[in-house]
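Here's a quick briefing to read alongside the structure. It goes topic by topic, so feel free to skip around.

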Amino acid sequence: MLIVMNAGATEAEIAGVVRMVESLGFRAHTMPGATRTAIGVTGNQGAVDLSHFENLPGVAEAIRVTKPYKLITLDLRPDRTIVDIGGAKIGDGSLAIIAGPCAIESRKQAFAVAQVVQHSGAKFFRGGAFKPRTSPYAFAGLGEEALKILADIRDEFGLKIVTEVLDEAGVDLIERYADMIQIGARNMQNFTLLRRAGRSKLPVLLKRGMAATLEEWLLAAEYVMAEGNYQIVLCERGVRTFAQHTRNTLDLAAVPAVRRISHLPVIVDAAHGTGRSYMVTPLARAGAAVGADGIMVEVHARPDEALSDGAQALTLDEFEQMAKEVRAIHQVISRNGS
Ligand code: PEP
Ligand code: MN
């Protein structure tokens, strides 16, 4: 159920509705907006009697939700969510650039990339400390040592740190070192991890599973929100198809499709979405053109020596050029009001 308050509803009236929701044993999610506050109700198994709310002071309307989503939708929050990552924003109309190596391999390797990322004007640095690898014998990341390197990069370059968690215990660790929790494609339906991330103070970057429908992906975001963490950025990173010319098929139509349903920002990962470095810049440009709130890419000073995902890494020079190009495209589409 969704309760829409009158435009002029007072704090006390909103609190009254929240109290009623809680007295019925449910959870209230209060979403203030530019014109009105809405309150999403979760925790009810069946339909809630709307008459509990319809006559409370300040209530404009109590609406039964018939869609599978309650919290991620524009019905609850017509204003777009702006995600604040330690002061840097995603979803505020700017184009966020999240760049860095697939994995943190050494201090020297990570710092070389971070310097260029900062110089490009990007605000976000990515790098895996815990890597989900297809083979149990592949390099799985440096773990906490990598998190320390990432924290040093934040101090040295002022970049916000985005890094992946593989499990619930990982969230505790990452909360100590990073600014944003990445939940990877392979974990998009790890529901206990989603719930744990939903109880975190850190914003969440939620990648689309490699075979996930739009609905499954949005419901994964719903898991995080239902626990009270409303700071989520969705990331399209390509899905499995019959195509063999790419590692994954980057589903750029997901960007406008998400926008039509959800208030959450959505970014495009052109690295995993292609798997081939020569395609990364063209698809990053396309991501900016389709109206993404940000672009994620992988960068390595020596892609041929990378311990993971070297085939899709941009060189330092390629990255700098790409950053300029996607910004120019973003400016054009922002001017056109897309
Ligand atoms: C990554 O960002 O390095 C990663 C493992 O991504 P994904 O979960 O999209 O495969
Ligand atoms: Mn990678």
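Of the 338 residues in the protein chain, 54% count as buried. Keep in mind that this is a predicted model. The chain's secondary structure comes to 10 helices and 14 strands. Its radius of gyration is 21 Å, close to the 20 Å that the globule rule gives for 338 residues, so the chain is as compact as a globular protein of that length.

**Overall shape, contacts and surface**

- Along its principal axes, the C-alpha trace spans about 65 × 45 × 40 Å.
- If you count contacts with a separation of 6 or more, 69% of them are between residues 24 or more positions apart.
- The accessible surface adds up to about 14300 Å², and carbon and sulfur atoms own 51% of that.
- On the charge side, there are 37 positive and 38 negative charges, and their mean positions sit 2 Å apart.

**Cysteines**

- How many disulfides does the structure hold? The count is zero.
- Cys-235 is in no disulfide, and the nearest cysteine sulfur, the one in Cys-102, is 13 Å away. A disulfide would need the two sulfur atoms within 2.5 Å.
- Is Cys-235 buried or exposed? Cys-235 counts as buried because its relative accessibility is 0%.
- Cys-102 is buried too, with a relative accessible area of 5%, which is under the 20% cut-off.

**Helix H5 and what packs on it**

- H5 runs over residues 168-177, and its buried residues are Gly-170, Val-171, Leu-173, Ile-174 and Tyr-177.
- Why would buried positions recur at such steps along a helix? An α-helix has 3.6 residues a turn, so residues three or four places apart point the same way.
- The cover over the buried residues of H5 includes two helices, H4 (144-157) and H6 (191-198), along with strands S9 (160-165) and S10 (180-183).

**Asp-179, just past H5**

- Asp-179 is in the loop between H5 and S10.
- Despite being a loop residue, Asp-179 is buried, because its relative accessible area is 10%.
- Leaving out residues up to four places away in sequence, Asp-179 touches Ile-85, Arg-154, Leu-159, Lys-160, Ile-161, Leu-202 and Pro-203.
- One of those contacts, Pro-203, is 24 residues from Asp-179 along the chain, and their C-alpha atoms are 7.4 Å apart.

**Helix H10 and the loop ahead of it**

- H10 covers residues 316-335, and Val-332 is found in this helix.
- Val-332 counts as partly exposed because its relative accessibility is 40%.
- How far apart are the C-alpha atoms of Val-332 and Leu-193? They are separated by 39 Å, with the two positions 139 residues apart along the chain.
- Asp-309 belongs to the loop between S14 (294-298) and H10.
- The backbone of Asp-309 deserves a glance: its phi is near 55°, a positive value in a residue other than glycine.

**Pro-78 and its loop**

- Pro-78 lies in the loop between S4 (59-63) and S5 (83-85).
- Pro-78 has a relative accessible area of 45%, so this proline is partly exposed.
- Pro-78 and Ala-99 are 21 residues apart along the chain, and their C-alpha atoms are separated by 30 Å.

Methods: Residues numbered from 1 in each chain as written. Chains lettered and ligands numbered in written order. Predicted model: local features only at pLDDT ≥ 70, side-chain atom pairs only at ≥ 80, totals over all residues. Heavy atoms only, no water. Buried < 20%, exposed > 50% of the residue type's maximum accessible area, 1.4 Å probe, protein only. Helix = DSSP H or I, 4+ residues; strand = E, 2+ residues; numbered from the N terminus. Rg over C-alpha atoms; globule rule 2.2 N^0.38 Å. Contact = heavy atoms within 4.5 Å. Areas by Shrake-Rupley, 256 points an atom, 1.4 Å probe, with all protein chains shown as cover. Lys, Arg positive; Asp, Glu negative; His and termini not counted. Charge placed at Lys NZ, Arg CZ, Asp CG, Glu CD.
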